[in-house]
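Subject: Handing over a structure

Dear colleague,

I am passing a structure on to you, and I would be glad if you opened it before reading the notes that follow. Please keep it in view as you go through them.

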Amino acid sequence: MSELRFSVIVPVHNGAETLRECLSALTNQTIDPGEYEVIVIDDGSTDSTPDIAAEFPVRLVRLEQNIGRLAARARGAREAACEKLVFCDSRVICEPDVLETIAATDRWPLMYGSDFPEEQQASLMGRFFFCVYRRLWKPVYPQEWYADEAPVTADNFDRMPKGLGLFVTQRDFFLRHQPERQDRHVSDDTLLLSSMVRERPVIRYAAMKCHYRQRTDLRSVLPHVHFRGVLFNSYYLRPGRRFFGLYRCMWALMAACAAFVAWRPEAWWVVAAGVGAAWIGASAYLATGVRNFFAVLVALPLVASAFATGIIRGHLIDLKEWLRVRPAGGGPSRLRQAL
C-alpha cells in the first residue's frame, strides 16, 4: 500500500443534495487511492447524508448535534491520520486531477480560485450572485479572467474573495488559528483566515479546478442567505472592517426617511420613489447585460431582505452572548470584548 500523503476532510450538514457528487469526485481521483484518506464529518445531519457517505470508501464521523462548520472542521483535523489536510465542502465538486495537483506542490495554505461563470448563468439566482461577486471582488473574481494566483494578505484581506470550500493546509497551522468563539453563529471561514494571514499569505490557487454547486431555488437560497447575514455580522460589520461605515450610513439614512415620513405623512411617496430609484440604480450598477439586469432586479429585494434579517438576528445573538458573559458591573469595554 502507498503511504498516506494527506487527509481529505468533508464537513457536511444536511448535504444530501450534492454529497454523492462530491464524494464520487473525491474517490475517483487520478492519484493512487492509497495515497489519501477521505473523512466525512456529519455535523448532526437529519437527512440521508450518513447513508450517502456509507456508499463510498470513506471514514464517517457522526456528531450528535449541529455544532457548525468551524468546530466540525477542527474535529476532522484531529481525526486525520496525516499532517497535510485538504478541506472540501460538500457543494464543491473537484476535477479528477485536483488531488494530483495538490500532491505535486508543497505550498500551503492554498484555497481554490477556479471560477466557472458560465455555470452560474443557468439560473436566476446564479446570475444574481455572479453579478454581486463580480462587482464586490473585482478584479480577482472571476479569478481565471485575471491570474492563476492571488495572495490573500493582512493588507488586502477585506477586498479579496475567500473561503474554505477547498483548502489545503497543515494541521498544526490550522488548529493554532482557531478563533476563541466556535459556535455556529460566527463567520467560520473569515475569522479563521483573518488569523492565518497575519502569519503567512493564503494563496487563491486557480490550478485546483473545482465546481461550486450553487443553490438555485428560493426555498434553499433564502434561508442560506439569511444565515450568511448572521455570519457577516460577526466579522464585516465590526468597527474598522470594510462595511462598518457603510452600514452605519444605511441606518442613518433609514432613520432620516422614517423621521421625514413622520413629519410629512402625505409625502410618503417621496421616500417610496427614492427606494425605487435606489433599487433600479443598484441593479444597473451590479449587472452586466440586459438579462443579468432583470435577474438582479427580481432577486435583489428578496435576497436583501433575507440578508438584512440575518444581520439583525446576528445583533440579537451578540446581545444574548453579552448578557451571558458580562459581569455584574459590566460596561462598554466588556461588551466590545464579547462581540
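Which residues have the most contacts inside the largest nonpolar core? In this model, which is predicted, the largest nonpolar core has 49 residues, and those with the most contacts inside it are Phe128, Phe167, Leu193, Met196 and Val202. Helix H6 gives the most to this core, with 7 residues. A second, separate core of 34 residues includes Ala25, Ile31, Ile203 and Cys210. As background, nonpolar side chains in soluble globular proteins tend to be buried together.

To see how one of these core residues is surrounded, you could look at Leu193, which touches Met111, Phe157, Lys162, Gly163, Leu164, Phe167 and Val202 when residues up to four places away in sequence are not counted.

Helix H6 itself covers residues 124-137, and its 14 residues reach 20 Å from the first C-alpha to the last, which is close to the 20 Å expected at 1.5 Å a residue. Among the buried residues of H6 are Phe128, Phe129, Phe130 and Trp137, and Arg127 is also one of them. The buried residues of H6 pack against four helices, namely H5 (117-120), H9 (218-233), H11 (268-286) and H12 (290-325).

The sheet is the next thing to trace. It is an open sheet of 8 strands in the order E3-E2-E1-E4-E8-E6-E9-E7, and its pairing is mixed. Strand E3 (59-63) and strand E7 (149-152) stand at the edges, and because each has a single partner strand, one side of each is left without a neighbour in the sheet. From one strand to the next, the twist averages 20°. The partner of E7 is strand E9 (residues 202-205), with which E7 pairs in the antiparallel sense over 4 bridges, and within this pairing Pro151 has Ile203 of E9 as its bridge partner. Helix H1 (residues 16-26) packs on the sheet, where it touches strands E1 (6-12), E2 (36-43) and E4 (84-88), and the direction of H1 makes about 175° with that of E1.

Finally, here is the protein as a whole, which holds 13 helices and 10 strands. Its radius of gyration is 22 Å, which agrees with the value near 20 Å that a compact globule of 339 residues would have. Buried residues make up 49% of the 339 residues, and of the contacts with a separation of 6 or more, 76% are between residues 24 or more positions apart.

With best wishes

Conventions
Residues numbered from 1 in each chain as written. Predicted model: local features only at pLDDT ≥ 70, side-chain atom pairs only at ≥ 80, totals over all residues. Heavy atoms only, no water. Helix = DSSP H or I, 4+ residues; strand = E, 2+ residues; numbered from the N terminus. Expected span 1.5 Å × (residues − 1). Buried < 20%, exposed > 50% of the residue type's maximum accessible area, 1.4 Å probe, protein only. Contact = heavy atoms within 4.5 Å. Pairing = 2+ DSSP bridges. Axes fitted to C-alpha atoms, helices over the stretch in contact; angles between N-to-C directions. Core = buried A, V, L, I, M, F, W, Y, C linked by side-chain atoms within 4.5 Å. Rg over C-alpha atoms; globule rule 2.2 N^0.38 Å.
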